[in-house]
Structure formats: structure tokens, C-alpha cells
Amino acid sequence: MRDETQQREVIVERRASAGIIRLNRPRALNSLTLEMVRAVAAALDDFAADATIAAVVVSGEGERGFCAGGDIRALHESGRAGTDLAMTFWREEFRLNYRIATYPKPYVALMDGITMGGGVGLSSHGRHRVVTERTRLAMPETGIGYFPDVGATWLLSRTPGEVGTWMGLTGLTIDAADVIYAGLADHHIASFRLPDLVDTLAELPRNAASRDVEAVLKNLSSDPGTSAVKSNRDLIEHSFHFGAVEEIIHALENEPDDFAAEMLRILHTRSPTSLKLALRLLRLGRQSRNLAECLNRELGACVQILKSPDFYEGIRAAIIDKDRNPRWIPATVETVDQAVIDAFFRPAEPPLAL
């Protein structure tokens, strides 16, 4: 926060007993740079040590998004050039995710607008997660030749039934009611009430606890409506519980349902390598003892992803050329070499210092 770039991209302030962190790249949907990760981490350290701060509030500037994830163009360029920026970013981002999950003070994330990838890492690991009528959340990584990271293999593995598997493989966007149903947020508050929420949190005494923050949130909460994901849970459960992507596709092919047909169409647009990698990570995440195990496993996969042609092709199609027509190698899940997937599970050295 000491140089001009960090001041411009992350705004940090103290308002009475609230420490406030605002991501400030609205034209980029507040997508994260390495400098932003470092600025948020430094602010959290400062607020944790400040006895006058009762709670920390994290939000995104602009009305379109909380945070659309990491700056994937920068990661693409780093991988192509062979620089260490990509791995440095992932290491520091994952440490920040763990810091949020274990933060000693109430951490309130305002997931207003688009919340994807790294934005989920900044919010859903927190203790108090707020969505609004504008929330649109996704882990869309299989569509760019990547995989759900930022500890999502821990979070998605603990959603009801196979909802997390469905989210991680399809990468589809869900709304506020779905996010709460999935256990990735706690409260729905109308976006126009967020300024009042921040003001009220700032008025809490400096010794306020999580229960005091919860009382404020519940007082301002409203009904998020019906969850479409919950309505389709039986089909999701039936089709996505398998341990192989081929079995999931086969199950969807045998469902005489428009929802199943659409899920099948979506899966056929995703990177076959990413689908297999994501499913294996999610199944291992379900068996993991804690978030740290998942983050270290994901970091190992990050090392290998920089060698994957689909990672560069996916970002090319989505961000650089924007033709939305990636050509995956290989083109089908049946032709993905198991040895290629196995290589993603070599531990990163050194492991994360958590």
C-alpha cells in the first residue's frame, strides 16, 4: 500500500472500529494482480494487530463485480515468457486464502456482483459472507484449460451432495440463492443496503465478536429466493457422483431431461484435460483433512499447468483473441493420457508456508 500502484488498485481505510479493504480495478472487474494480493495481505496483518479494529470488511469498487479472479492475461504472459510471476502469484494468493480462512477477527466479504475464481478465494473462505441480488458466482476454470484453485477443491467438496462437483466441472454461474444453498455464503442483503451495513459494522465496539457481526448481518438480511440448483439437485446427484468424467457424461446422455442435455453440451465445450484434473482434485479434496492439504495439492498442479497447451489455448480463446473457440489437445476425455493427469499431482517444492 506504500507505492502508487497499490494505492490505486487497493484502497485501505479505518472507519471507527471497522477495517475496510476495497479492490479498486472496476474496469477489470477487480481482477487480482500480485500487487493487489500483497496489499490485501498487508492490510489484514495491520488490522489483526490493531486493537481498535473489531471487524474487517472486504468489497469491490464499481457495481459490476466484487472480484472476477486473478489477472489471467498476466499469468498467460508469464508462462509464455518463462518468468516466475505466475508461480509467485499463486503462492502468495494461496497463502492469502489460508490467512482469510484462519483470520482471528470477524472477516466480512461483500460478494456484490461478479465473484469468480480468485474472488471466491477472497470471500468464501471468510467467516461472514454476504451476497446480493447482483451476485453471480462461478469457478469457470475448466473453460480456460485450468482447474478450480484458491482452495476451491476444499470448498466445493463440502457443498451439499454433488453440487460442488457440478460447479467445478461445468464452471456455470450461480446466483445468490444458489450460493447460499451451496454453503459458499451466509446472508443475502440488498445491494442498496451495503453502505448501511458497513456503517453499522463500524459502530460496533472494538471488542465486538463474531456473534455481534452476525446480529448486524441478520438484521439486514432478506430472502434470496428459490435456488435453481436445489431444484435440480436430484439430477446433479445422480449424474455427477461418479469418479470418472466418462461416467458422468454417460449418465447425462441417459437422462431424458433438458437440464441434463444442457449440462452435456457445456461439458463438451470444456477442456477434457481440465475436466479430468478437476474431478480428481475434487475427489481428493473430499478426503483431505484440511484446507492446507488442498492448497498445497493445487499448487503442485499449478506447476504443471504452465506446461499444458490447454492453459494457453483457453486463455487465448477467452481473453486474447476472444473467439470463444478453443481447440483442446486432446479433444476428448477418452483420449486424455492418464500419465498426463498423474503429472499434475507431483508436490510443489517448497510447499506453502502456512
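**Helix packing, odd torsions and burial**

Reader: Let's start with helix α15 (residues 272-287) and helix α16 (residues 291-305): at what angle do they pack?

Author: Bear in mind that this is a predicted model. The axes of α15 and α16 lie 10 Å apart. The angle at which the two helices pack is about 160°.

Reader: OK, so how are α15 and α16 oriented to each other?

Author: Angles over 145 degrees count as roughly antiparallel. The α15/α16 angle is about 160°. That puts it over the cut-off, so the two helices are roughly antiparallel.

Reader: And which residues of α16 meet α15 there?

Author: The crossing of α15 past α16 is right-handed. On the α15 side we have Leu-277, Leu-281, Leu-284 and Gly-285. The contact residues divide into five nonpolar, one polar and one charged. Across from α15, the α16 residues are Cys-294, Arg-297 and Ile-305.

Reader: What about α3 and α17, how do those sit relative to each other?

Author: Helix α3 (residues 72-81) packs on helix α17 (residues 309-320) at about 140°, with the axes 10 Å apart. Roughly antiparallel would need an angle over 145 degrees, and roughly perpendicular covers 65 to 115. An angle of about 140° fits neither. The pair is therefore oblique.

Reader: How do the residues of the contact of α3 with α17 divide?

Author: The crossing itself is left-handed. From α3 come Ile-72, Arg-73, Leu-75, His-76, Gly-79 and Arg-80, and from α17 come Phe-311, Tyr-312, Ile-315, Ile-319 and Ile-320. Gly counts as polar here. The split is seven nonpolar, two polar and two charged.

Reader: Zooming out, what is the radius of gyration of the protein chain?

Author: The chain has 18 helices and nine strands, and its C-alpha atoms fill a box of roughly 60 × 45 × 40 Å along the principal axes. For 354 residues, a compact globule would come out near 20 Å. The chain agrees with that, at 20 Å.

Reader: Among contacts between residues at least 6 apart in sequence, what percentage join residues at least 24 apart?

Author: For context, buried residues make up 56% of the 354 residues in the chain. Of the contacts you ask about, the percentage that join residues at least 24 apart is 74%.

Reader: How many of the residues in helix α7 (residues 163-170) are buried?

Author: α7 is mostly covered. Its buried residues are Val-163, Gly-164, Thr-165, Trp-166, Met-167, Gly-168, Leu-169 and Thr-170. Out of eight residues, the buried count is eight.

Reader: Is Gly-171, which follows α7, buried or exposed?

Author: Gly-171 has a positive phi, near 70°, and is found in the loop between α7 and α8 (176-181). Beyond its neighbours within four places in sequence, Gly-171 is in contact with Ala-138, Met-139, Pro-140, Thr-142, Trp-166 and Arg-270. A residue under 20% relative accessible area counts as buried. Gly-171 has 8%, so it is buried.

Reader: Ala-16 has a positive phi too; is Ala-16 exposed or buried?

Author: Most residues other than glycine have a negative phi. Ala-16 goes the other way, at about 55°, and is found in the loop between β1 and β2 (18-23). Exposed means over 50% relative accessible area. Ala-16 has 62%, so it is exposed.

Reader: Then what relative accessible area does Val-150 have?

Author: Val-150 also has a positive phi, near 50°. Its place is in the loop between β8 (136-138) and α6 (152-155). Unlike Ala-16, which is exposed, Val-150 is buried, with a relative accessible area of 1%.

Reader: Which residue does a cis peptide bond join to Ile-329?

Author: Most peptide bonds are trans. The bond after Ile-329 is cis, with omega about -5°. Its partner is found in the loop between α17 and α18 (338-343), and that partner is Pro-330.

Reader: Where does Pro-350 lie?

Author: The peptide bond from Glu-349 to Pro-350 is cis as well, with omega near -5°. As for the place of Pro-350, look in the segment after α18.

Methods:
Residues are numbered from 1 along each chain as its sequence is written. This is a predicted model: local features need pLDDT of at least 70, side-chain atom pairs count only at pLDDT 80 or more; totals for chains, interfaces and linings use all residues. Side-chain values use heavy atoms; hydrogens and water are left out. Axes are lines fitted to C-alpha atoms, for helices over the stretch in contact, and angles run from 0 to 180 degrees between N-to-C directions. Helices (H or I, at least four residues) and strands (E, at least two) are DSSP runs, numbered from the N terminus. Angles under 35 degrees count as roughly parallel, over 145 as roughly antiparallel, 65 to 115 as roughly perpendicular and the rest as oblique. A crossing is left-handed if the near helix is turned anticlockwise from the far one by less than a right angle, and right-handed if clockwise. Contact means heavy atoms within 4.5 Å. The radius of gyration is taken over C-alpha atoms; the globule rule is 2.2 Å times the number of residues to the power 0.38. Buried means under 20% relative accessible area, exposed over 50%, partly exposed in between (1.4 Å probe, protein chains only).
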